[in-house]
Amino acid sequence: MSTFAPPIVEPTFDTAGVWSLPSRGKVGMASLIVAESAIFTIFVVAYLYYLGKSLSGPTPRQVLEVPIFYTFCLLSSSLTIHYAGKSLERDKKRAFLGLWLLTIVLGGLFMFGTAREWYRLIYEHGLTIATNLFGTTYYSLVGLHAFHVTAGLIMLSIVLAFSLAGRVTPRHFGRIDVLALYWHFVDAVWVVVFTVVYVIGR
Amino acid sequence: MASDAVAISRTEVEDRPWVDTLHEWVTTVDHKRIGLLYILFALVFLVIAGLEALVIRIQLMYPHNDFVSPQVFNRMFTMHGTTMIFFFAMPILFGFGNYLVPLMIGARDMAFPRLNAFSFWLSALGGFLLYFSFLGGSGLYGAGSAPDVGWWAYAPLTARAFSPGSSTDYWTIAVLVSGFGSIGTAVNLIATILCMRCPGMTLGRMPLLSWLYLTMSGLALIGITPLSAAQLMLLVDRYLGGHFFDTQAGGSATLWMHFFWIFGHPEVYILVIPAFAFMSEIIPVFSRKPIFGYPVMVAATVCIAFVSMSVWAHHMFTIGMNSYANSFFAITTMAVGVPTGIKIFNWLGTMWGGRIQFKTPMLFAIAFLFQFLIAGLTGIIQAAVPFDWQLSLSYFVVAHFHYVIVGGILFAIFAAFYYWYPKVTGRMLSERLGTLHFWLFVIGFHLTFDPMHFAGLLGMPRRIYTFEPGRGWDAINLIVSIGAFIQAVGILVFVANLILSYWKGARAGNDPWDAWTLEWLTSSPPPAYNFASIPTIASRRPLWDLKHPEDPDSRYE
Amino acid sequence: MTGDTVTITSIFAPETTPARSIYDLSMFVMVITAIIFVVVGGLLLYSIVKFRGKAADANREPAQVYGSMQIELAWTVIPILIVVVLFLATARVIHAVQDAPKPSTAIDVTAIGHQFWWEFRYPQLGIVTANELHIPVGDTSRPRPTFLKLLSADTDHSFWIPQLGGKTDLIPNHPNEMWMDPRRTGVFLGQCAQYCGTQHGKMLLRVSVDSAEDFEAWVRAQQQAATLDSAASAGRRVFETTACINCHAVRGTAANGRFGPDLTHLMSRSTIASGAAANTPDILRLWIQNPDTIKPGSLMPPMQLSERDLNALVGYLETLR
């Protein structure tokens with residue numbers, strides 16, 4: 001068969017007659033989030049399983065301080081990135097830039113807070129990743145999250161650079177939205193990590 | 001509407017320097033080229049891992065044989081398993097998915113072409129790293145070589161104390177890196193299937209191959225990542241002094257087992273679901289009937305994917321879980337047999353009342369049906385936990401899973417080669433060589449893996465570099481080894497067929513099998529852009545509608 | 001020792017209650033799966049014969065049937081019923097074996113897995129031995145099951161004597177339990193079933209099921225400290241002044257190493273190196289001087305003794321009955 005007449009068509013399209021499918025970026029990012037959630041779940045399971053099982057060394061209750069302020073920073077950054085996106089949609093470039101920058105600052109504050117906490121744990125309490133089961137699971141879980149925050153901050157900074165150069169327009173809203181989805185995921189993971197480490201674990 | 005490629009004269013093609021062609025292939029983002037890269041890469045590793053299997057079988061031909069030392073033997077079975085799973089089976093199935101899915105859903109490429117290329121090269125890097133271990137694995141300690149901890153790398157054997165040198169790290173990092181590549185491809189397949197179907201192709205009208213690759217990719221997202229997580233933990237233990245699996249510090253060896261098998265069991269479904277996909281495309285065409293029970297096939301596959309997440313500890317029935325845990329995993333394991341059986345019955349229902357053509361793809365498909373049936377039944381047998389207390393860790397298990405992976409998955413892959421080779425190359429594979437390949441492989445496969453069950457029943461454990469005479473294992477092992485060589489000859493015939501037919505095979509045309517899905521609409525091989533214009537479809541078998549305009553499928557769905 | 005050595009280690013020749021329960025369940029399961037295979041396989045065979053395409057039909061397509069909900073229902077419900085039956089049979093045996101109560105007459109043995117040998121301790125009897133397990137035969141009037149506690153000193157191992165029961169793993173930091181109540185005397189063979197390193201393949205097991213009298217005699221002999229034979233004092237000096245005592249113990253002497261097998265009653269065992277070789281003077285000599293010729297990769301180092309020291313040492317070990 002070398003030539004074909006078009007197939008007999010009785011397609012079912014939506015009421016406007018347009019064949020529309022979900023956005024690739026959103027579906028791709030959602031899939032990545034599902035995969036990442038599985039990785040975090042395994043680290044959380046290890047953390048919970050080993051609670052109370054360390055043979056020696058500092059325990060969570062002895063050394064952990066609840067990072068309320070830095071958590072507030074990170075969770076607020078979800079709000080700021082959300083409104084940044086809304087601003088871009090409405091072509092309010094200066095508002096977008098300001099809110100985007102604020103998101104990065106808040107995320108950076110969170111990282112600073114983590115660094116401060118780790119400094120205190122290592123130098124004041126002698127808790128390292130090799131100390132005991134608590135040390136191993138704590139630094140791994142919080143560290144994995146911090147790694148994802150860092151990757152997010154790098155991507156946010158790249159967008160900031162483009163925005164400062166005037167290159168980001170409402171046309172790019174879709175991609176910004178995909179990146180924001182990642183950032184919301186990072187925040188959601190922190191809610192879980194926070195609950196497991198600082199609430200349940202103590 | 002012209003869906004044929006524009007003909008390019010041979011002289012125009014041949015004048016390009018080979019470096020340019022190489023560059024084109026190395027930098028390609030075309031799903032068809034990437035698919036072929038995956039497939040070629042996998043075939044190379046099939047041969048390498050096959051040679052490792054032959055070393056194992058030569059060593060085990062006689063009791064107390066000394067063809068290789070125990071150290072070399074342990075590396076051989078570790079590398080054979082790791083290579084076959086991660087560098088043959090995964091890449092070849094992703095390769096077929098890459099090539100076929102966009103064509104079968106009427107798209108021009110995958111959703112993320114550059115991610116596609118990146119994922120392939122990650123897998124390639126992983127394969128290279130794993131084999132570099134033969135050179136680099138001794139590390140600073142002067143100990144080790146290729147990894148020798150088994151493909152499951154159980155703790156605490158993988159701790160620095162018991163595995164000095166870097167051999168274990170080559171295993172960990174190679175598999176970790178290729179795992180990220182697999183996640184990338186899974187993300188790509190999901191986005192492609194959900195977002196790039198041609199007009200009219202609702203989810204209910206996708207080819208079953210597309211549904212099954214969608215399911216497999218979803219399973220990959222949550223099935224592969226637990227292994228990645230566990231491997232990161234192992235690296236923390238080995239390099240940062242962590243204690244995740246350090247039993248001396250109160251850590252748990254069984255935690256590694258749970259994490260590994262939470263990956264390991266979905267992994268085998270990730271491998272078998274594409275095999276099911278090939279069968280669901282091939283059996284209907286060669287029975288001349290549509291697939292029996294399309295909605296049930298979809299439902300059964302999704303059901304299998306979900307239930308498969310709950311059976312993992314059936315690989316751990318001997319580790320001393322309590323009777324309630326053992327019972328739970330017994331029932332879930334038996335339960336997953338139900339939707340799997342339903343699929344076999346539906347393939348039977350497809351052939352029933354048909355007009356079966358025994359071309360080479362169908363020969364392999366029929367062998368698949370019998371062999372997968374047996375494999376599934378030996379799986380159910382092992383789900384009877386107390387029986388598994390005898391069968392686990394013995395050659396019965398080795399026989400069972402090779403029945404699934406070779407007798408099932410590899411046979412399905414062979415069927416897929418014979419079926420889609422004409423589309424990829426424009427030439428038919430030789431039926432004569434195909435039939436020879438088929439019979440050699442069937443005979444070799446059964447000579448090896450049928451008696452192997454009895455070695456297990458007679459008490460022969462796995463992973464032993466030699467065995468004691470007088471246990472009743474001697475003749476069995478000899479026959480098993482002979483079968484392995486016959487399979488090797490079968491592979492040689494297959495490779496010869498692939499190569500010779502590329503130049504000498506009969507010209508295929510667009511649709512040599514009189515099939516019904518969209519890939520047969522375009523030329524063989526397809527042009528880079530796949531279709532001159534994206535088709536709009538109205539049923540599950542658009543080419544049937546074209547060929548039978550008086551009786552289209554769209555009337556019945 | 002007593003009884004014949006059964007070298008065919010078939011799981012279908014059960015000699016204990018757990019092994020017997022497993023055997024009965026396995027027969028039931030295999031019959032059901034065999035029936036399924038015959039039915040489904042038969043239908044597959046029938047379909048490829050009956051519905052093969054003939055040349056005469058080349059241009060006509062058969063009836064295009066899309067499915068049938070009734071048939072789908074039938075071949076869903078029937079497998080579910082089969083699964084329920086199989087599961088109930090399975091759960092019953094799981095509980096019977098795993099949750100069996102321990103009678104007061106039970107013999108307690110602690111088995112500790114090492115790379116690549118087995119340590120056996122009888123806490124109530126004060127015995128430490130290696131690689132060859134002795135347990136008493138029981139009968140219904142006088143049950144004397146052996147309950148094993150399974151531990152590991154290093155990596156994962158698995159204790160498997162097919163005729164005496166299913167296998168259970170020895171995992172560090174994860175104690176396990178299993179039991180067996182053999183009904184006849186004899187020597188039963190098995191080996192480690194969980195890959196544990198280089199010499200996993202030669203971590204063999206020997207269980208001697210003894211009559212009540214033989215078992216008592218064996219226990220009494222094992223409970224003694226080591227024989228002190230003055231003729232072997234030169235050899236004993238070699239043993240105690242070289243690296244031997246770092247790893248090995250001989251009760252009643254200065255040797256108290258725990259890394260390797262207890263040698264107090266070495267001569268009461270018929271094999272050495274966890275079954276890898278027979279326990280004869282020549283082989284013992286070869287093992288001490290060059291263990292890699294017998295079990296390459298085992299953790300026994302070559303002792304590099306002079307001929308004179310080696311002869312004396314072997315002479316001493318031969319006295320450890």
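## Contacts between chains

A polar contact is a pair of N or O atoms within 3.5 Å; within protein, one atom must be able to donate a hydrogen and the other to accept it. By that rule, seven residue pairs are in polar contact between chain B and chain A, both residues at pLDDT 80 or more. The model is predicted.

Two pairs of chains are in contact, and chains B and C share the most contacts. Chain A and chain C are not joined by any contact. Their closest C-alpha atoms lie 12 Å apart.

## Where chain B meets chain A

What do chain B and chain A bury between them? The figure is about 3800 Å², with 76% of it on carbon and sulfur atoms. Zero salt bridges are found across this interface.

Five helices of chain B each supply at least two residues of the side that touches chain A. They are α6 (167–195), α7 (208–223), α8 (225–240), α9 (253–287) and α17 (542–547). Helix α8(B) gives the most to that side, with seven residues. By class, the side of chain B that touches chain A has 30 nonpolar, twelve polar and four charged residues. In residue counts, chain B brings 46 to the contact and chain A brings 41.

## Where chain C meets chain B

Here 87 residues of chain C are in contact with 97 residues of chain B. The two chains bury about 7800 Å² between them. Carbon and sulfur atoms carry 68% of that area.

How many salt bridges cross the interface of chain C and chain B? The rule finds two. The side chains of B:E468 and C:K202 meet in a salt bridge, at 3.5 Å from N to O. Polar contacts join 34 residue pairs across this interface, both residues at pLDDT 80 or more.

On chain C, helices and strands both take part. Helices α1 (17–50) and α2 (69–98) and strands β8 (168–170) and β10 (186–191) each supply at least two residues of the side that touches chain B. Helix α2(C) gives the most, with 17 residues. The residues of this side divide into 43 nonpolar, 33 polar and eleven charged.

## The build of chain A

Chain A has six helices and zero strands. Its elements run α-α-α-α-α-α from the N terminus on. The radius of gyration of chain A is 22 Å, well over the 17 Å that the globule rule gives for 202 residues, so chain A is more spread out than a compact globule. Along the principal axes, its C-alpha atoms fill a box of roughly 75 × 50 × 30 Å.

Of the 202 residues of chain A, 46% count as buried. Now take contacts in chain A between residues at least 6 apart in sequence. Of these, 80% join residues at least 24 apart.

## A close look at A:G107

A:G107 lies in helix α4 of chain A, which covers residues 93–125. Is A:G107 buried or exposed? A:G107 is buried, with a relative accessible area of 0%; the cut-off for buried is under 20%.

Which residues touch A:G107, leaving aside its neighbours within four places in sequence? A:G107 is in contact with A:V149, A:L153 and A:W183. A:R120 lies 13 residues from A:G107 along the chain. The C-alpha atoms of A:G107 and A:R120 are separated by 20 Å.

Technical notes:
Residues are numbered from 1 along each chain as its sequence is written. Chains are lettered from A and ligands numbered from 1 in the order in which they are written. This is a predicted model: local features need pLDDT of at least 70, side-chain atom pairs count only at pLDDT 80 or more; totals for chains, interfaces and linings use all residues. Side-chain values use heavy atoms; hydrogens and water are left out. Contact means heavy atoms within 4.5 Å. Buried area is the accessible area (1.4 Å probe) that two parts lose on being put together, summed over both. A salt bridge is a side-chain nitrogen of Lys or Arg within 4 Å of a carboxyl oxygen of Asp or Glu. A polar contact is a pair of N or O atoms within 3.5 Å; within protein, one must be able to donate a hydrogen and the other to accept it, and residues adjacent in sequence count only if both atoms are side-chain atoms. Helices (H or I, at least four residues) and strands (E, at least two) are DSSP runs, numbered from the N terminus. Ala, Val, Leu, Ile, Met, Phe, Trp, Tyr, Cys and Pro count as nonpolar, Asp, Glu, Lys and Arg as charged, and the others, Gly among them, as polar. The radius of gyration is taken over C-alpha atoms; the globule rule is 2.2 Å times the number of residues to the power 0.38. Buried means under 20% relative accessible area, exposed over 50%, partly exposed in between (1.4 Å probe, protein chains only).
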